[in-house]
Amino acid sequence: MSAAHAVISTFEGPYLLRRCVQILALLAAGYLLARFSNQGISVSALELRLASVRQEAESSSDTVLQLKQKLEVQRIAIHKLSTQMQAMEQQRIALQQDLAFYKNIAGKADKSKQLLAKLQDMQQASAAARLAASTPPVTTAALASTSSVLPAATPVTMEVKLRSFAVSRQDEPGQYRFSILLAKETEPTIAVQGELKLSLSGLEVDRPVSLDWIGEPLKVNFKQSQRLTGDMEIPEYWTGKKVRASLYEVGKAKATYSWVVRVPD
């Protein structure tokens with residue numbers, strides 16, 4: 001029996017060893033298979049997550065683009081509103097200047113009427129006093145000789161004043177709008193007639209340059225005041241821009257009045 005057991009033990013040893021190796025191989029294969037399977041699931045999940053992130057990024061990009069477009073529309077609207085408010089403010093200032101000017105004229109007209117009334121009263125009183133005095137009758141010859149020594153009439157002089165001269169920038173580059181108010185306070189029954197001419201000047205690379213304004217003739221014809229408006233174009237690259245307004249009255253070759261205003265950069 002011992003010999004039989006020895007033979008069996010001799011055969012069982014390698015067999016058990018092979019079984020153990022097989023079992024270990026199966027376990028290792030199962031482990032590797034499970035690991036690779038999990039890795040495949042993880043890769044699929046990552047791919048799905050990446051696709052979701054890409055979709056979110058595209059959606060966010062569209063949202064950002066829409067917001068930029070809305071901001072641009074709002075910026076344009078704000079710019080237009082600001083320009084309109086500036087124009088309204090300039091109109092308000094011009095109206096205030098006109099109102100102050102007309103109030104001044106009205107006040108002076110009232111004073112002139114009062115002075116004229118006082119002068120007429122004084123003349124009437126003087127005439128009554130002369131009639132009451134005992135003086136010899138005045139002959140026609142005496143009247144002629146008296147009138148011959150009266151002083152000559154003083155020539156009428158009119159002074160034109162520049163009440164306002166504004167130049168404002170428009171939306172387009174190099175585009176400006178001007179508004180000029182001319183007035184006079186003497187001789188309201190005599191009209192000032194002529195033409196107002198504009199000239200532009202500035203510096204181009206530190207070199208003085210100038211040009212005449214080309215537009216509809218600015219005809220001047222007023223007894224008390226007149227406002228003249230229009231548009232002009234000045235090169236944007238000029239610096240130290242100025243506008244000169246010169247008044248040429250009818251029958252005069254040279255300008256009788258000239259004014260200069262700086263142009264905002």
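This report describes the fold, strand pairing, aromatic contacts and selected surface residues of the chain shown above.

The model is a predicted one. The chain contains two helices and eight strands, and its elements follow the pattern α-α-β-β-β-β-β-β-β-β when read along the sequence. Of its 265 residues, 18% count as buried.

**Strand pairing**

Strand E1 (residues 160–169) is joined to E2 by nine bridges, and the two run antiparallel. Ala166 has Ser179, in E2, as its bridge partner. E1 and E2 form a hairpin with five residues between them. In the turn of this hairpin, Gly174 adopts a positive phi of about 80°.

Another antiparallel pairing, over nine bridges, involves strand E3 (residues 192–204) and strand E7 (residues 239–249). Here Leu200 stands opposite Val243 in E7. E7 also pairs with strand E8 (residues 257–262), in the antiparallel sense and over six bridges. In that pairing, Ala245 stands opposite Trp259 in E8.

**Aromatic contacts**

How many aromatic pairs does the model hold? With ring centres required to lie within 6.5 Å, the count comes to two aromatic pairs. The rings of Phe178 and Trp213 have centres 5.5 Å apart and planes at 85°; this angle is over 60 degrees, so the pair is edge-to-face. The pair links distant parts of the chain, with the two positions 35 residues apart in sequence numbering: Phe178 belongs to strand E2 (residues 175–184), whereas Trp213 lies in the loop between strand E4 (207–212) and strand E5 (218–222). Phe178 and Trp213 are both buried.

The other pair consists of Tyr257 and Trp259, with ring centres 5.9 Å apart. Their planes stand at 5°, which is under 30 degrees, so the pair is stacked. Tyr257 and Trp259 are likewise buried. Trp259 thus takes part in this ring pair and also stands opposite Ala245 in the pairing of E7 with E8.

A charged residue also meets an aromatic ring: Lys197 lies over the face of Tyr248, at 4.9 Å from the ring centre.

**Surface and loop residues**

Ile23, Leu24 and Leu27 form a nonpolar patch on the surface, and together they have about 310 Å² of accessible area. Ile23 lies in helix H1 (residues 2–132).

Two residues in the loop between E3 and E4, Val205 and Asp206, have a positive phi although neither is a glycine. The angle is about 55° for Val205 and about 65° for Asp206. Pro188 has its place in the loop between E2 and E3. Its C-alpha atom is separated by 9.1 Å from that of Phe222, which is 34 residues away along the chain.

The table lists the accessibility of four of these residues.

| Residue | Relative accessible area | Class |
|---|---|---|
| Ile23 | 44% | partly exposed |
| Pro188 | 48% | partly exposed |
| Val205 | 78% | exposed |
| Asp206 | 71% | exposed |

Why do Val205 and Asp206 count as exposed? Exposed means over 50% relative accessible area; Val205 has 78% and Asp206 has 71%, so both count as exposed. Ile23, at 44%, is partly exposed because its value falls between 20% and 50%. Pro188, at 48%, is partly exposed because its value lies in that interval too.

Conventions
Residues are numbered from 1 along each chain as its sequence is written. This is a predicted model: local features need pLDDT of at least 70, side-chain atom pairs count only at pLDDT 80 or more; totals for chains, interfaces and linings use all residues. Side-chain values use heavy atoms; hydrogens and water are left out. Rings of Phe, Tyr and Trp (its six-membered ring) pair if their centres lie within 6.5 Å; planes under 30 degrees apart count as stacked, over 60 as edge-to-face and the rest as tilted. Helices (H or I, at least four residues) and strands (E, at least two) are DSSP runs, numbered from the N terminus. Buried means under 20% relative accessible area, exposed over 50%, partly exposed in between (1.4 Å probe, protein chains only). A charge sits over a ring if NZ of Lys or CZ of Arg is within 6 Å of the ring centre and within 35 degrees of the ring normal. Two strands pair if DSSP finds at least two bridges between them. Patches are made of residues with over 30% relative accessible area and no salt bridge: like charges are joined within 9 Å, nonpolar side chains (Val, Leu, Ile, Met, Phe, Trp, Tyr) within 5 Å. Accessible areas come from the Shrake-Rupley method with a 1.4 Å probe; for residues, only the protein chains shown count as cover. A salt bridge is a side-chain nitrogen of Lys or Arg within 4 Å of a carboxyl oxygen of Asp or Glu.
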